[in-house]
Amino acid sequence: ITQGSYNQASGFALGAELQTAYVRRLDVINRGFSGYNTDNALTVLDKILPTPQQARIKFLTVWFGANDCARAKKPLDQNVPIERFRSNLKAIVTHPAVVAHAPNIIFLTQPPIEETMLTDTAHQLGWDTTKVSQVADSQKYANVVKEVGQEEGIVVVDVWSKFMELAGWQEGAILPGAKEGGKNDILSSLLSDGLHLTSKGYKVIFEELLETLKANWPEYPPYKMPYEVKIDWEIAFGDQYWDVNNLSG
């Protein structure tokens, strides 16, 4: 989900637009690894992050759950029991490679599952259709992300709840995406295969992420931060230069 966030083949790409929002201000580096769960992340974390001497991390997004809550054992056994998932999240944000930067950390909850779509995808790939991830599981893991965020004082972009809000879900009703409720048209427009995101889904998350950045770190306004490096003629424009005086955002 994170690895694919720069792919513009089907339209809008979250990662590409996020870099546009901070071009010449902050470099946006994608460290999403397809298929990885929180166990896997902890084994590679010190290999994929720079040292503070190489580059300083201002913001770090942590987006896990979709693989951790997987039920299927083939082709990969990705499931991480929910309490280990909880402890893994805490281990990630307290890992020495992260703490060394003292970054502003943002958690994202996983999107919901659209079970009918995911079952069709599993069937097409020859996988066990009785072991597909379930939307109820995605809710449980999303709740853990929010709980850890509250415990650790970490801001959370609640993707799961936003998608459910768009799908019209009300507490106590059948979860949109559950097989018993039939294929959900809204979630189907946000998810390409019942799990991964469409360009529309990425756009929703991008907008939620930008609102979170604006609300919590107004000193880093997307599209409107002063450029990090300017030469004389750019400096001469002052606050009329187009880095801060533009119609974007």
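This report describes selected helices, residue contacts, aromatic pairs and a pocket in a predicted model.

## Basis of the description

The model is predicted, so local features need pLDDT of at least 70 and side-chain atom pairs count only at pLDDT 80 or more, while totals for chains, interfaces and linings use all residues. Residues are numbered from 1 along each chain as its sequence is written, and side-chain values use heavy atoms, with hydrogens and water left out.

Helices (H or I, at least four residues) and strands (E, at least two) are DSSP runs, numbered from the N terminus. A residue is called buried under 20% relative accessible area, exposed over 50%, and partly exposed in between (1.4 Å probe, protein chains only). Contact means heavy atoms within 4.5 Å.

## Helix α1 and the loop after it

Helix α1 covers residues 14-21, and its buried residues are Leu-14, Gly-15, Ala-16, Leu-18 and Ala-21. These buried residues pack against α9.

Arg-24 is placed in the loop between α1 and α2 (38-48). Its phi is positive, about 65°, although Arg-24 is not a glycine. With a relative accessible area of 40%, Arg-24 is partly exposed.

## Helices α3 and α6

Helix α3 (residues 82-93) contains Arg-86, which counts as buried at 16% relative accessibility. Not counting residues up to four places away in sequence, Arg-86 touches Val-144, Glu-147, Val-148 and Glu-151. Between Arg-86 and Val-148 the C-alpha to C-alpha distance is 7.0 Å, although 62 residues separate them in sequence.

Val-145 belongs to helix α6 (residues 135-152) and is buried, at 2% relative accessibility. Leaving out residues up to four places away in sequence, Val-145 touches Phe-64, Phe-85, Leu-89, Phe-107, Leu-108, Thr-109 and Val-156. Val-156 is eleven residues from Val-145 along the chain, and the C-alpha atoms of the two are separated by 7.9 Å.

## Loop residues

Ala-102 sits in the loop between α4 (96-99) and β2 (104-108). Ala-102 has a positive phi of about 45° and is not a glycine. At 65% relative accessibility, Ala-102 counts as exposed.

Lys-183 lies in the loop between α7 (159-166) and α8. Apart from neighbours within four places in sequence, Lys-183 is in contact with Glu-114, Thr-116, Met-117 and Ser-188. The C-alpha atoms of Lys-183 and Glu-115 are separated by 7.7 Å, with their positions 68 residues apart along the chain. Thr-198 is located in the loop between α8 (185-190) and α9. Thr-198 is buried, with a relative accessible area of 18%, and its contacts beyond four places in sequence are Ser-189, Leu-190, Leu-191 and Ser-192.

## Aromatic rings

A pair of aromatic rings is described by the distance of the centres and the angle of the planes. Rings of Phe, Tyr and Trp (its six-membered ring) pair if their centres lie within 6.5 Å; planes under 30 degrees apart count as stacked, over 60 as edge-to-face and the rest as tilted. The structure holds 13 aromatic pairs. One of them joins Phe-59 and Tyr-220 in an edge-to-face arrangement, 5.0 Å centre to centre with 85° between the planes. This pair links distant parts of the chain, 161 residues apart: Phe-59 is in strand β1 (residues 59-63) and Tyr-220 is in the loop between α9 (199-216) and α10 (232-236). Tyr-220 is buried, with a relative accessible area of 16%.

The pair of Phe-237 and Tyr-241 is tilted, because the planes stand at 35° and the ring centres are 5.7 Å apart. Phe-237 is partly exposed at 42% relative accessibility, whereas Tyr-241 is buried at 1%. Ring pairs link both residues with Tyr-227, Trp-233 and Trp-242 into a cluster. A charge also sits over a ring (NZ of Lys or CZ of Arg within 6 Å of the ring centre and within 35 degrees of the ring normal): Lys-203 lies over the face of Phe-12, at 5.4 Å from the ring centre.

## The second largest pocket

The second largest pocket holds about 210 Å³ of space. A pocket is an open set of points on a 1 Å grid over the protein atoms alone, where a 1.4 Å probe fits, with protein on both sides within 12 Å along at least five of seven lines; lining residues have an atom within 4 Å of a point. Grid points are joined across faces, edges and corners, and the volume is the space filled by probe spheres set on the points.

This pocket is lined by 13 residues, and Gly-4, Asn-7, His-196, Leu-197 and Tyr-202 lie nearest its centre. By class, the lining has five nonpolar, seven polar and one charged residues. Here Ala, Val, Leu, Ile, Met, Phe, Trp, Tyr, Cys and Pro count as nonpolar, Asp, Glu, Lys and Arg as charged, and the others, Gly among them, as polar.
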